[in-house]
Amino acid sequence: MHVLMDQTHEPFVASESEAIMARAAADRLRVVANANQDVTITLDKEGDLPNVVVPLPARAVTFIHMVLETMANRTPMSLIPYDAVLTTQQAADYLNVSRPYLVQQIDNGMIAFSMVGTHRRIKFCDLKDYEQKMQNRQKQALKDLNEEARKLGLE
């Protein structure tokens, strides 16, 4: 899961104390997140700060719960804005492929890109489209393979 940081920073990893706090918060928030309803959170006054009432849509509650779970597990995370523009290395890292393979996919017209000077740049939304297409192709290939095995009596 990719959550919080701009694309120029290293992934965020919770400290041990943050992970403990996140676990407690995630456990308490789980029921609310699973209810899939809008909520209002009241933050009690602390020091000179006033009480704050925060309305949250259900999807935000679910997202916050996912972030807390990730922090509790001390899993590295990053938030990549959907309109972010990535270098070929960043895109390759995201897809967990080599940069030369990614460039080959770009050159074959599989991934949309733009040029910034002499450098290729890839919109994150285009990278997600490519990723979805590849996942669909993989699913279809597995279905075809399964069907072929069934026809050959290899089940």
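This tour visits an aromatic cluster, one helix, one pocket and a proline in a predicted model.

**First stop: the aromatic cluster**

Select Tyr82, Tyr94 and Phe124, which together form one aromatic cluster. Two aromatic pairs are counted here under the ring-centre criterion of 6.5 Å.

Begin with Tyr82 and Phe124. Their ring centres lie 6.2 Å apart and their planes stand at 90 degrees, so this pair is edge-to-face. Colour the chain by secondary structure to place the two partners: Tyr82 sits in the loop between α2 (58–72) and β3 (85–87), while Phe124 belongs to helix α5 (residues 124–151), so the pair ties together parts that are 42 residues apart in sequence. A surface display sets the two residues in context. Tyr82 is partly exposed, at 49% relative accessibility, whereas Phe124 is buried, at 7%.

Keep Phe124 selected and turn to Tyr94. The centres of these two rings are 5.2 Å apart and the planes are at 80 degrees, so this pair is edge-to-face as well. Tyr94 comes from helix α3 (residues 88–95) and Phe124 from helix α5, so the contact between the rings ties together parts that are 30 residues apart in sequence. Tyr94 has a relative accessible area of 16% and is buried.

**Second stop: helix α3**

From Tyr94, extend the selection to the helix that carries this residue. Which residues of α3 are buried? They are Thr88, Ala91, Ala92, Tyr94 and Leu95. Now look down the axis of α3: the buried residues fall within an arc of 160 degrees, so they line one face of the helix. As background, an α-helix has 3.6 residues a turn, so residues three or four places apart point the same way.

Next, show what lies over that face. The elements covering the buried residues of α3 include β3, α4 (99–107), β5 (119–123) and α5. Before leaving the helix, select Asn96, which follows α3 and has a positive phi, near 60 degrees.

**Third stop: the second largest pocket**

Select Leu95, Val97, Tyr101, Tyr130, Glu131, Met134, Gln135, Arg137 and Gln138, the residues that line the second largest pocket. The space in this pocket is about 160 Å³. Leu95 links this stop to the previous one, being among the buried residues of α3 and also part of this lining.

Which element gives the most to the lining? It is α5, with six residues. Colouring the lining by class shows five nonpolar, two polar and two charged residues.

Within this lining, centre the view on Met134, a residue of helix α5. Is Met134 buried or exposed? Its relative accessibility is 16%, so Met134 counts as buried. To gain a sense of scale, draw a distance from the C-alpha atom of Met134 to that of Glu10: the two residues are 124 apart along the chain, and the separation is 27 Å.

**Last stop: Pro11**

Finally, select Pro11, in the segment before α1 (16–35). Pro11 counts as partly exposed, with 42% relative accessibility. Which residues does Pro11 touch, leaving aside those up to four places away in sequence? The contacts are with Pro76, Met77 and Ser78. A second distance may be drawn from here, between the C-alpha atoms of Pro11 and Gly117; these residues are 106 apart along the chain and their C-alpha atoms are separated by 28 Å.

Definitions and conventions: Residues numbered from 1 in each chain as written. Predicted model: local features only at pLDDT ≥ 70, side-chain atom pairs only at ≥ 80, totals over all residues. Heavy atoms only, no water. Phe/Tyr/Trp six-rings, centres within 6.5 Å; stacked < 30°, edge-to-face > 60°. Helix = DSSP H or I, 4+ residues; strand = E, 2+ residues; numbered from the N terminus. Buried < 20%, exposed > 50% of the residue type's maximum accessible area, 1.4 Å probe, protein only. Contact = heavy atoms within 4.5 Å. 1 Å grid on protein atoms, 1.4 Å probe; cavity = no way out; pocket = protein on both sides within 12 Å on 5 of 7 lines; lining within 4 Å. Points joined across faces, edges and corners; volume = space filled by probe spheres on them. Nonpolar A, V, L, I, M, F, W, Y, C, P; charged D, E, K, R; others polar. Arc of directions from axis to C-beta.
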